[in-house]
Amino acid sequence: MENIVKLGIIVPTWNSEKYLKPLLESFQQLTCKHQIEKIVFVDSGSKDRTVDLLCEIQKIPQNILPIKVLQLDRNIGYAHALNQGIYTFNNYFPNYLLFSNPDVIYPRFFLDKILEEVKGYETLNIGIIGPRVLAPIGNGKWQEENLRPRNLWGIPQYRPKDQKVYFVHSTHGASLLVKKEVLEKIGFFDEDYFLYWDEHDFCTRARKAGFSIVIVNTISILHHPSEIRSESQNKSKIFLYYQYRNQFLFAKKNYGIISQCLFLCIRFLVFVRELINYILKKQWAYAKTMSLGFLRGLLNEKGISKLSF
């Protein structure tokens, strides 16, 4: 008889009302083999009906999902919301925790299939599992988001076409299936980042602790499937600011002095290239925002920043 795997799910929300219905519908059929002990929605002070909708669903007699809603007064960051969700388990973690964005849709029996695919890799100590993450780009086409052309060091990386499971340095933060032993050994998410780079930091610490990180190439989730996000949406001012600020935090926390210098030199070249691109396009607001993030990163700022946008 197959062993039943116990799972928990944590979903941070912030003004996520429009995403909840499709997400919860996909949650109804995440597994037919294993046991979901608890689904924790951690809301960071939403101004829309996110919390109201979740509370309404909790009260529906036909609801079979073990939903818990945790309300925070304000938005203190994505990592903070994840950690608050982790704390609700009181250190009695299920076998796996799934950390999920609210704007995703999972395929039927996602958890059963993804756990089945990593069987046989036990000797490689897999600690974090991610699916393929697909986002719409228009005309019925989808683009894979979780494997960028280059890694954080600027080294080209390629997805093996014929491998069901392949190993990576870090995977997409929209959906992370994490073994409880990872949390027990390395701790939780680092709240200094506020937004972005926290998943890279978490994956880097996991690898240093001896865990492997994989993407299951045969299983895909849909990221914001009802929205075709333009480059300007994907690279908002908030995104640009924290992407360039937090690279300094990441380097300081994860590398020695020589590796820090090499890493930041490479990231500086990326910064200059993108800055020139925005200047040539006369997108002065973006150029100013990323420069501000870079400067405050140099000054070792962390946590939430005071911003005018």
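**Chatting through helix α9 and its surroundings**

User: Hi! How does the span of α9 compare with what its 24 residues should give?

Analyst: Hello! This is a predicted model, and in it the 24 residues of α9 should span 34 Å at 1.5 Å a residue; the end C-alpha atoms are 34 Å apart, so the two agree.

User: Nice. Which residues of α9 are buried?

Analyst: Gln260, Phe263, Arg267, Phe271, Glu274, Leu275 and Tyr278 are buried in α9.

User: And what covers them?

Analyst: The cover includes α8, residues 237–254, and also α10.

User: What about Ile257, buried or exposed?

Analyst: Ile257 counts as exposed, because its relative accessibility is 61%, over the 50% cut-off. Ile257 belongs to helix α9, which covers residues 257–280. On the surface, Ile257 joins Ile258 and Leu262 in a nonpolar patch, and together they have about 350 Å² of accessible area.

User: Cool. What is phi like at Lys282, after α9?

Analyst: Lys282 follows α9 with a positive phi, near 60 degrees.

User: Switching to Thr289: where is that one?

Analyst: Thr289 sits in helix α10, residues 284–298.

User: Buried or exposed?

Analyst: Thr289 counts as buried, because its relative accessibility is 5%, under the 20% cut-off.

User: Which residues does Thr289 contact, leaving aside neighbours within four places in sequence?

Analyst: Those contacts are Lys237, Leu240, Tyr241 and Phe309.

User: Its side chain is polar, so what lies 2.8 Å from a polar atom there?

Analyst: That would be the backbone oxygen of Ala285, 2.8 Å from a polar atom of the Thr289 side chain.

Conventions: Residues numbered from 1 in each chain as written. Predicted model: local features only at pLDDT ≥ 70, side-chain atom pairs only at ≥ 80, totals over all residues. Heavy atoms only, no water. Helix = DSSP H or I, 4+ residues; strand = E, 2+ residues; numbered from the N terminus. Buried < 20%, exposed > 50% of the residue type's maximum accessible area, 1.4 Å probe, protein only. Polar contact = N/O pair within 3.5 Å; in protein donor to acceptor, adjacent residues only side chain to side chain. Contact = heavy atoms within 4.5 Å. Patch = residues over 30% accessible without salt bridge, like charges linked within 9 Å, V, L, I, M, F, W, Y side chains within 5 Å. Areas by Shrake-Rupley, 256 points an atom, 1.4 Å probe, with all protein chains shown as cover. Salt bridge = Lys/Arg side-chain N within 4 Å of Asp/Glu carboxyl O. Expected span 1.5 Å × (residues − 1).
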